Amino acid sequence: YIFTALCSRAKVQDWATVEALTVNKGLFSSKDKSPIGFEPFVDQIVINKGPNELAEKYAFMISDKLHRYDVCMKHKLFGVCIETSIELKDVDRILATKQRMYDELGAHKTAGWRDRIDSAVAD
């Protein structure tokens, strides 16, 4: 049911209802939860041209960092890729993401990330 509702609401770009599909009423937790995981949310938001910020929000909720990185590279959510690579302390992934960002977006659109990337690689 959740996946069908997600797909239908995303298709009509009803982002408020998409957000309401996650359950955040845990007894001991205030974190959002989803019985289908958060990758389908990222997929549907990107496929249906939803807000990039919303896709990034759900991408950060993917708990497995390596899987999060792969999902974000697939959808070109480069900011999440960089942050995840830094969390993983994986210089190769940071440099691969940097190169793909430059290839996809051009140097002028990645200038804001340059200092963050350079400082992470230097550490």
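With a relative accessible area of 22%, C7 counts as partly exposed, a class that lies between buried (under 20%) and exposed (over 50%), judged with a 1.4 Å probe and protein chains only. The structure examined here is a predicted model, in which local features need pLDDT of at least 70 and side-chain atom pairs count only at pLDDT 80 or more, while totals for chains, interfaces and linings use all residues. Residues are numbered from 1 along each chain as its sequence is written, and side-chain values use heavy atoms, with hydrogens and water left out.

The cysteines make a convenient starting point. With a disulfide taken as a pair of cysteine sulfur atoms within 2.5 Å, the count is zero. For C7, the nearest cysteine sulfur belongs to C72 and lies 19 Å away, and C7 is in no disulfide. C72 is likewise in no disulfide; the nearest cysteine sulfur to C72 is that of C81, at 4.9 Å. C72 is buried, its relative accessible area being 0%.

Attention now turns to the interior. A nonpolar core is here a set of buried Ala, Val, Leu, Ile, Met, Phe, Trp, Tyr and Cys residues joined through side-chain atoms within 4.5 Å. The largest such core has 29 residues, and the members that touch the most others are F41, V42, Y58 and L77. Two or more residues come from each of α1 (2-11), α2 (15-20), α3 (39-47), α4 (52-60), α5 (65-74), α6 (78-88), α7 and α8 (111-122); these helices are DSSP runs (H or I, at least four residues), numbered from the N terminus. The most generous contributor is α6, with five residues. F41 offers a closer view of the packing: leaving aside residues up to four places away in sequence, F41 is in contact with L6, V18, L21, T22, S34, I36 and Y58, where contact means heavy atoms within 4.5 Å.

Charged side chains add a further set of links. Side chains of opposite charge can pair when their charged atoms come close. Counting a salt bridge wherever a side-chain nitrogen of Lys or Arg is within 4 Å of a carboxyl oxygen of Asp or Glu, the structure holds 10. In one of these, the side chains of E19 and K57 meet with an N to O distance of 2.7 Å. This pair links distant parts of the chain, since E19 belongs to helix α2 and K57 to helix α4, 38 residues apart. E19 is partly exposed at 32% relative accessibility, and K57 is partly exposed at 31%.

Another salt bridge joins E104 and K76, whose closest N and O atoms are 2.9 Å apart. Because E104 lies in helix α7 and K76 in the loop between α5 and α6, the pair ties together parts that are 28 residues apart in sequence. Both ends are partly exposed, with 36% relative accessibility for E104 and 43% for K76. D90 and R93 also form a salt bridge, with 3.0 Å between the closest N and O atoms; D90 is partly exposed at 22%, as is R93 at 22%. In addition, E39, D43 and K74 are linked in a network of salt bridges.

On the surface, V91, L95 and V121 make a nonpolar patch of about 190 Å². Patches are built from residues with over 30% relative accessible area and no salt bridge, joining nonpolar side chains (Val, Leu, Ile, Met, Phe, Trp, Tyr) within 5 Å and like charges within 9 Å; accessible areas come from the Shrake-Rupley method with a 1.4 Å probe, and for residues only the protein chains shown count as cover. V91 sits in helix α7 (residues 91-105) and is partly exposed, at 34% relative accessibility.
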